[in-house]
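Subject: A structure for you to look at

Hi there,

I am passing a structure on to you, together with some notes to read beside it. Please open it and have a look around before you read on.

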Amino acid sequence: IEDFGVAIWGMPDEGEVARSRLVRAVGDVLNNPWESVRIDGIEAKFSVQFARDLWRLRGVELIDEVVDAGQKARIRLHLITFGGRESVREVEVTMPHELAGKDADVDILPGYEAPPDVAPPENLTELIANEARQSLTPRSVVLQVRVPSVGVLYHGHVAPRLPGFALDALRPTHSDNGPEPYASYVRTVVPTERFVEGRDKVRVKVRPVLR
């Protein structure tokens, strides 16, 4: 399990360690509903850097307000470091064909706040595997667009972007133990040299392609 954090006033204190992913993972494993667990030991490696290793997202500019379905919209990010130096970065996000003729909201958020699509665990092995996949690339900016289709989580499998009738067909008629739907997003991950703090949003008009 890989974790990270920023301590504004110096070294991390006990509270920050208690809120770490490692401690939460230990609690999840010990309280799992499938089998008894005994933890013999924990090995952790800490790497401490005295640096202002952080960008704050000050604002965004939408360069392409209208784009054709399937094409890319350009967005300019304004990133501020400690001390006020500004860095400008231009990124692109593809507009899905499902949104043709609609307005698409593009969420811009840090990679560590974007959870990956993982199915709910059904045994201890799957629980431990999910603990190691708690976020996307930490040093990144994620641009995500929600699409009308839905995703399905079932029996350890993830099926993204299914049409609505597919979910109805998969839902059992004599049991409540069926597939679990979740909101489906198209994500673009942009690696960054530093951690990014802050979120923003822009709206893009997606133009249908006439043939």
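Below is what was found in it, starting with the sheet and ending with a pair of helices and a ring.

Please keep in mind that this is a predicted model.

The sheet is a good place to begin. It is an open sheet of four strands in the order 4-3-1-9, and its pairing is mixed. Strand 4 and strand 9 (195-197) stand at the edges with a single partner strand each, so one side of each has no neighbour in the sheet. From one strand to the next, the twist averages 40°.

Now walk across the sheet, one pair of strands at a time:

- Strand 3 and strand 4 (residues 86-94) are antiparallel and pair over nine bridges. Along this pair, Lys72 faces Thr94 of strand 4, and Ile75 is opposite Val91 of strand 4. Five residues lie between the two strands of this hairpin, and one residue to look for there is Gly83, which takes a positive phi near 100°.
- Strand 1 (residues 54-62) and strand 3 (residues 72-80) also run antiparallel, joined by six bridges. Here you can find Leu57 opposite Leu79 of strand 3.
- Strand 1 and strand 9 run parallel, with three bridges joining them. Trp55 stands opposite Val196 of strand 9.

Next, the helices. Helix 2 (residues 21-30) packs against helix 3 (residues 124-131) at an angle of about 170°, and their axes are 10 Å apart. Angles over 145 degrees count as roughly antiparallel, which is why helix 2 is described as roughly antiparallel to helix 3. On the helix 2 side, the contact is made by Ala25, Asp28 and Val29. Helix 3 brings Leu124, Leu127, Ile128 and Glu131 to the contact. Sorted by class, the contact has five nonpolar residues, two charged ones and no polar ones.

Finally, a look at the rings. How many aromatic pairs are there? The count comes to zero. There is, however, a charge over a ring: the charged end of Arg139 sits over the ring of Phe195, 4.4 Å from the ring's centre.

If you would like a place to start, try finding Trp55 and Val196 where they stand opposite each other, then turn to Arg139 over the ring of Phe195.

Enjoy exploring, and best wishes!

Notes. Residues numbered from 1 in each chain as written. Predicted model: local features only at pLDDT ≥ 70, side-chain atom pairs only at ≥ 80, totals over all residues. Heavy atoms only, no water. Pairing = 2+ DSSP bridges. Axes fitted to C-alpha atoms, helices over the stretch in contact; angles between N-to-C directions. Parallel < 35°, antiparallel > 145°, perpendicular 65-115°, else oblique. Contact = heavy atoms within 4.5 Å. Nonpolar A, V, L, I, M, F, W, Y, C, P; charged D, E, K, R; others polar. Phe/Tyr/Trp six-rings, centres within 6.5 Å; stacked < 30°, edge-to-face > 60°. Lys NZ or Arg CZ within 6 Å of the ring centre and 35° of its normal.
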